[in-house]
Amino acid sequence: MNLSQLKESVVSIINNTNTKSFKLQAICDLLKKEISYYDWVGFYFKNGDKRELKLAEFAGEPTEHTIIPFGKGICGQVAISNQNFVVPDVAAQDNYISCGWKVKSEIVIPIFVNQENIGQIDIDSHTVNPFTKNDEELLEFVCEKVAQIL
């Protein structure tokens with residue numbers, strides 16, 4: 001993973017003149033393509049005034065989890081905790097929503113606009129324990145940049 005190149009690519013996507021949806025999809029596609037153990041990359045956002053998240057753009061296999069209640073699963077927990085959540089092995093998590101038998105680990109990073117958690121980026125991997133501090137740093141950067149267009 002070349003952090004500086006990936007960050008430059010994210011900035012380039014954010015700065016282009018396309019729609020917000022196009023930019024989010026381009027980021028998902030970039031991350032999934034460039035990082036071998038990112039098998040599913042997606043954005044979830046707060047669904048209006050409801051205490052739930054709604055799936056937005058993603059890259060990877062379709063998921064049935066298009067709506068996630070706050071508190072449920074890793075994404076739902078991040079919606080409440082406002083903290084990064086790295087799960088090295090999803091089999092060890094009691095409050096995990098299975099997205100398929102292939103998923104072995106997950107990382108979720110919240111997106112803040114005006115100090116409010118309005119969504120998150122969610123990454124699933126088919127590899128146990130692949131995520132490092134570099135992943136957290138990259139995904140926090142992505143979330144900061146995405147917050148600028150929301």
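Biologist: Let's start with helix H1: which residues are exposed on the other side, away from the buried ones?

Modeller: Glu8 and Asn15 are exposed there. Exposed means over 50% relative accessible area, buried under 20% and partly exposed in between, with a 1.4 Å probe and protein chains only. One caution: this is a predicted model, where local features need pLDDT of at least 70 and side-chain atom pairs 80 or more, while totals for chains, interfaces and linings use all residues. Residues are numbered from 1 along each chain as its sequence is written, and side-chain values use heavy atoms, leaving out hydrogens and water.

Biologist: And which residues of H1 are buried?

Modeller: Leu3, Leu6, Lys7, Val10, Ile13 and Ile14 are buried in H1. These residues span an arc of only 120° around the axis, so they sit on the same side of H1. The arc is taken from the directions from the helix axis to the C-beta atoms. Their cover includes H2 and H4, where contact means heavy atoms within 4.5 Å. Helices (H or I, at least four residues) and strands (E, at least two) are DSSP runs, numbered from the N terminus.

Biologist: How do I read the sheet, and in what order do the strands come?

Modeller: Strands of a sheet pair through backbone hydrogen bonds, either parallel or antiparallel. Here six strands make an open sheet, S3-S2-S1-S6-S5-S4, with antiparallel pairing; two strands pair if DSSP finds at least two bridges between them. Strands S3 (67–69) and S4 (85–87) are at the edges with a single partner each, so one side of each has no neighbour in the sheet. S1 and S6 share six bridges, and Trp40 has Asp124 in S6 as its bridge partner.

Biologist: What about aromatic pairs: how many does the structure hold?

Modeller: A pair of aromatic rings is described by the distance of the centres and the angle of the planes. There are six such pairs. Rings of Phe, Tyr and Trp (its six-membered ring) pair if their centres lie within 6.5 Å; planes under 30 degrees apart are stacked, over 60 edge-to-face, the rest tilted. Tyr37 and Phe131 have centres 6.1 Å apart and planes at 65°, so their pair is edge-to-face. Tyr37 lies in the loop between H2 (20–34) and S1 (40–46), and Phe131 in the loop between S6 (116–125) and H4 (133–147), so the pair ties together parts 94 residues apart in sequence. Both residues are buried.

Biologist: Which residues form a stacked pair?

Modeller: Trp40 and Phe58 do, at 5.7 Å centre to centre with 20° between the planes. Trp40 is in S1 and Phe58 in S2 (residues 52–59), 18 residues apart. Trp40 counts as buried at 8% relative accessibility, whereas Phe58 counts as partly exposed at 25%.
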